[in-house]
Amino acid sequence: MKKILIAMMFFASLGVMPLSVNAEDKETENQKPAKIRILFLCTGNSCRSQMAEGWAKTLHGDKLEVYSAGITTHGLNPNAVKVMQEAGVDISGQKSENIKDYENVPLDYVITVCPNANETYPEYLKKAKVIHKPFPDPPKQAKEIAEKGGSEAEQLECYRVVRDEIKEYVNSLLESLK
């Protein structure tokens, strides 16, 4: 018996778990809810959907598995990266993804953030619940301001406004999905 106790103490000091598991531990482990899988979809996955992905990961990363994609890929918009960084969210490591890459990903929700994506998303996304929540197009707005002689600061303000609108939406997203 003494040898068994010594062996048990030895294995315990190594951090080795016993073969039997407390029933309460099993119950808690099995009750961890699965993360909700959400895809934010836009035309080019360069700005709005990227911001939404960044906010969702930051605000709800413990409850959501978050992706973003575009009908096409336009690359990550540097102004989107800049204004998100101002808000303390780093999206510089994200990349512009094509919706085709998500054909076999089981999604719970697809949130289209622009009219074009809402009108042209592929049929296979209908397996998920599709929500349309459009936001203004910052690059388009910034271009219009630039054409009127507006400053870079005025152009960036378009991005900030949309960034903050997306944050507000994403912040209340979990509640709206219930």
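Modeller: Two residues are in contact when heavy atoms of theirs lie within 4.5 Å. The model discussed here is predicted.

Colleague: Which residues is Ser 92 in contact with, leaving aside its neighbours within four places in sequence?

Modeller: Ser 92 sits in the loop between α4 (78-86) and β3 (109-112). Its C-alpha atom is separated by 8.4 Å from that of Pro 78, which is 14 residues away along the chain. With neighbours within four places set aside, the contacts of Ser 92 are Leu 76 and Val 81.

Colleague: Is Ser 92 buried, partly exposed or exposed?

Modeller: A residue is buried under 20% relative accessible area and exposed over 50%. Ser 92 has 45% relative accessibility, so it counts as partly exposed.

Colleague: Which side chain makes a polar contact with the side chain of Ser 92?

Modeller: A polar contact needs a pair of N or O atoms within 3.5 Å. At 2.6 Å, the side chain of Ser 92 has such a partner in the side chain of Asp 90.

Colleague: Ser 96 is in the loop between α4 and β3. Which backbone oxygens does the side chain of Ser 96 reach?

Modeller: Ser 96 counts as buried because its relative accessibility is 17%. Its contacts beyond four places in sequence include Gln 50, Thr 73, His 74, Gly 75 and Leu 76. Its side chain lies 3.1 Å from one backbone oxygen, that of Gly 44. A polar atom of the Ser 96 side chain is also 3.1 Å from the backbone oxygen of Asn 45.

Colleague: How are the helices and strands of the protein ordered along the sequence?

Modeller: The protein has eight helices and four strands. Of its 178 residues, 38% count as buried. Along the sequence, the pattern is α-α-β-α-β-α-β-α-β-α-α-α.

Colleague: Of the contacts between residues at least 6 apart in sequence, what share joins residues at least 24 apart?

Modeller: The pair Asp 137 and Val 162 shows how residues 25 apart along the chain can have C-alpha atoms separated by 8.0 Å. Over the protein, for contacts between residues at least 6 apart in sequence, the share joining residues at least 24 apart is 71%.

Colleague: Why is strand β1 described as largely enclosed?

Modeller: Strand β1 covers residues 36-42. It is joined to β2 (residues 64-70) by seven bridges, and to β3 by four bridges. The strand is largely enclosed by the rest of the structure because, of its seven residues, the number buried is five.

Colleague: What is the handedness of the β-α-β unit made by β1, helix α3 and β2?

Modeller: β1 and β2 run parallel, and Ile 36 stands opposite Leu 64 in β2. Helix α3 (residues 48-60) completes the unit with these two strands, and the unit is right-handed.

Colleague: Which residue of β3 is the bridge partner of Leu 41?

Modeller: β1 and β3 run parallel. In β3, Leu 41 has as its bridge partner Thr 112.

Colleague: Which side chain shares a polar contact with the side chain of Thr 112?

Modeller: Thr 112 is in strand β3 and counts as buried because its relative accessibility is 0%. Its contacts beyond four places in sequence include Leu 41, Ala 117, Tyr 121 and His 132. The side-chain polar contact of Thr 112, at 3.2 Å, is with Asn 118.

Colleague: How many disulfides does the count come to?

Modeller: A disulfide requires two cysteine sulfur atoms within 2.5 Å. By this rule the number of disulfides is zero. Cys 42 is in none, as the nearest cysteine sulfur, that of Cys 114, is 3.6 Å away. Cys 42 is also buried because its relative accessibility is 4%, but the disulfide count remains zero.

Colleague: How far apart are the end C-alpha atoms of helix α7?

Modeller: Helix α7 covers residues 152-171. Its buried residues include Leu 156, Tyr 159, Val 162 and Ile 166; Cys 158 also counts as buried because its relative accessibility is 10%. At 1.5 Å a residue, the 20 residues should span 28 Å, which agrees with the distance between the end C-alpha atoms, 28 Å.

Colleague: Where is Asp 137, and is it buried, partly exposed or exposed?

Modeller: Asp 137 is in the loop between β4 (129-132) and α6 (138-147). Its relative accessibility is 27%, so Asp 137 counts as partly exposed.

Notes. Residues numbered from 1 in each chain as written. Predicted model: local features only at pLDDT ≥ 70, side-chain atom pairs only at ≥ 80, totals over all residues. Heavy atoms only, no water. Buried < 20%, exposed > 50% of the residue type's maximum accessible area, 1.4 Å probe, protein only. Polar contact = N/O pair within 3.5 Å; in protein donor to acceptor, adjacent residues only side chain to side chain. Expected span 1.5 Å × (residues − 1). Pairing = 2+ DSSP bridges. Right-handed = clockwise from strand over helix to strand, strands pointing away.
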